[in-house]
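Open your viewer, keep the selection tool handy, and follow along stop by stop. We will look at aromatic rings, charges over rings, and cysteines.

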Amino acid sequence: MATLLPRDPAVVAPGAVHIPGWLNLDRQRELVTACRDWASGPVPMRHTRMPNGSQMSVQTVCLGWHWMPYRYSRTADDVDGGPVADFPSWLAELGRDAVGAAYGARDESYNPDAALINFYDASAKMGMHQDKEEKSLAPVVSLSIGDSCLFRFGNTENRNKPWTDVRLESGDLFVFGGESRLAYHGVMKTYPGTSDPALGLEGRLNITLRVTGL
Ligand code: SIN
Ligand code: MN
């Protein structure tokens, strides 16, 4: 179908690639089902408490390694101390496909071992930050499902400009590696009600796959 505003794959910054509509609807539905399952435990999805006592507006559950400010652990030390759910091999395979799609060459050695599943309700957002608790500089794979959002991809120096604003929609892939691996990024807002009703998901899910190097 012709569209007035085609969403083409774009290199947003060196090493940072946006591929709109990379996941088809069936794949998105499978991931929604999987996320519901992961959210229910063994470690429940919850708002991460920050060192200053505030809570993140997103809700998070992890696979493989549990992220907390500002380290990874095999146990959810800031929730219930429970063991983190396994990182499934099919998700690592999806990660290899994603990196291959973004960079045009599949890298069999790409082996993500941690996933952060973030759920955004209508008012959730995420401030500008770097993903830097990983000891590896392998790319981060980000998959978005449900409501669209305004994703801000900045520079590696600080939270300020220059940045590029990208609308991430359901099914979109965003990979950041190479020179952009440590770029600041954040979610300024979501667009409530933009999720495809066929997904049965109110809100936004984002799954990031990372190589912890731990
Ligand atoms: C993150 O930075 O970990 C999440 C980004 C997103 O929700 O798109
Ligand atoms: Mn991040």
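Start by selecting W38: in this predicted model, its relative accessibility is 10%, so W38 counts as buried. Now add W90 to the selection and compare. W90 has a relative accessible area of 37%, so this tryptophan is partly exposed.

Keep both tryptophans on screen, because they form a pair: their ring centres lie 5.9 Å apart and their planes meet at 15°, and with planes under 30 degrees apart counting as stacked, this pair is stacked. Colour the helices next. W38 belongs to helix α1 (residues 25–39) and W90 to helix α2 (residues 89–103), so the pair links distant parts of the chain, 52 residues apart. A search of the whole structure finds seven aromatic pairs.

**Next stop: the phenylalanines**

Select F153 and F174. How are their planes set, stacked or tilted? The angle between them is 50°, with the ring centres 5.2 Å apart, so this pair is tilted. Show the strands as well: F153 is in strand β10 (residues 148–153), while F174 is in strand β12 (residues 173–176). The two residues are 21 apart, and their pair, too, links distant parts of the chain.

Switch on a surface if you like. F153 has a relative accessibility of 2% and counts as buried; F174, at 0%, counts as buried too. Then widen the selection to include F151 and F176. Ring pairs join F151, F153, F174 and F176 into a cluster.

**Charges over rings**

Move on to R74 and W65. Here the charged end of R74 sits over the ring of W65, at 3.9 Å from the ring centre. Another such arrangement is at R167 and Y191: the charged end of R167 sits over the Y191 ring, 4.3 Å from its centre.

**Last stop: the cysteines**

How many disulfides does the structure hold? The count is zero. Select C35 to see one cysteine that is in no disulfide: the nearest cysteine sulfur belongs to C62 and is 12 Å away. C35 has a relative accessibility of 3%, so this residue counts as buried.

Finish with C149. Why can its sulfur not bond to the closest cysteine sulfur? That closest sulfur is in C35, 15 Å from the sulfur of C149, which is too far for a bond; a disulfide needs the two sulfur atoms within 2.5 Å. C149 is also buried, with a relative accessible area of 0%.

Conventions: Residues numbered from 1 in each chain as written. Chains lettered and ligands numbered in written order. Predicted model: local features only at pLDDT ≥ 70, side-chain atom pairs only at ≥ 80, totals over all residues. Heavy atoms only, no water. Phe/Tyr/Trp six-rings, centres within 6.5 Å; stacked < 30°, edge-to-face > 60°. Helix = DSSP H or I, 4+ residues; strand = E, 2+ residues; numbered from the N terminus. Buried < 20%, exposed > 50% of the residue type's maximum accessible area, 1.4 Å probe, protein only. Lys NZ or Arg CZ within 6 Å of the ring centre and 35° of its normal.
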